[in-house]
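Please load the model into the viewer and keep the selection panel at hand. The tour proceeds by selections, each followed by a description of what is found there.

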Amino acid sequence: MEILNIETAQLNIRHLKISDLSDFHIYRSNPEVTKYQGFDVMAIEEAEEFIKENATKHFGKAGEWVQYGIENTKTKQLIGDCAIKLDQYDTRIAEIGITISHLEQKKGFAKEVFVGILDFLFDTKQIHRVVEIVDAENIASINLLKSIGFRQEGHFIENIFFKGKWGSEFQYAMLKREWDKRKL
């Protein structure tokens, strides 16, 4: 298992720290930010427990989501978090999740994080495939995936009971060879 640290032009993707708690809680307690996420709004105590529990996790364990902080290198503020999970049955397949604070959205940070993680997964770790599951109503995430070069593979109709109602999801994916071709 390894300590992950990915630097991009404006951001540092690194392990969450207890000193991130205030910034983390600000966006994780916002219902608009959690609307399409697999988690609900968090009380400060829940946010603290989450950070402490996550501190024991490291990149590389099959089937386990590991959450990382997204730090603006200029301000040293936590502006969001992201997660990476290697497939439980084949660690050459990965999934990524990203949450950006409502105070930092629409600034290109999500794309920068995504590209940084893809570069790490495909070029450093030689991952074969990255799969993304996205709520069919989450237009911003769908547009982000398309802009990076992900292709839609599936549309699942009312396949998940989510936050009190049935929801539909899209599956997107990208292969390493597609990533390599994109960079040419």
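Begin by selecting Val130 in this predicted model. With neighbours within four places in sequence set aside, Val130 is in contact with Ala94, Ile96, Leu118, Leu121, Phe122, Phe150, Tyr172, Ala173 and Met174.

Next, extend the selection to the largest nonpolar core, which has 36 residues. Val130 is among the members that touch the most others, together with Phe114, Ile117, Leu118, Leu121 and Phe150. At least two residues of this core come from each of strands E2 (11–15), E3, E4, E5, E6 (129–135) and E8 (165–175), and from each of helices H4 (109–124) and H5 (139–148). Colour H4 separately: with eight residues, H4 gives the most to this core. Apart from this core lies another, of nine residues, including Leu21, Val33, Ala47 and Ile51. In soluble globular proteins, nonpolar side chains tend to be buried together.

Now select helix H1, residues 21–28. Its buried residues are Leu21, Phe24, His25, Tyr27 and Arg28. These pack against helices H2 (31–34) and H3 (44–54), and also against strands E3 (66–72), E4 (78–86) and E5 (93–100).

Finally, move to the loop between H3 and E3 and select Glu64. Which side chain of opposite charge is nearest to Glu64? It is Lys61, 4.1 Å away. A salt bridge requires a separation within 4 Å, so this pair does not qualify; Glu64 is buried yet has no salt bridge. Beyond its neighbours within four places in sequence, Glu64 is in contact with Lys57, Ile84, Lys85 and Leu86.

Conventions. Residues are numbered from 1 along each chain as its sequence is written. This is a predicted model: local features need pLDDT of at least 70, side-chain atom pairs count only at pLDDT 80 or more; totals for chains, interfaces and linings use all residues. Side-chain values use heavy atoms; hydrogens and water are left out. Buried means under 20% relative accessible area, exposed over 50%, partly exposed in between (1.4 Å probe, protein chains only). Helices (H or I, at least four residues) and strands (E, at least two) are DSSP runs, numbered from the N terminus. Contact means heavy atoms within 4.5 Å. A nonpolar core is a set of buried Ala, Val, Leu, Ile, Met, Phe, Trp, Tyr and Cys residues joined through side-chain atoms within 4.5 Å. Lys and Arg count as positive and Asp and Glu as negative; His and the chain ends are not counted.
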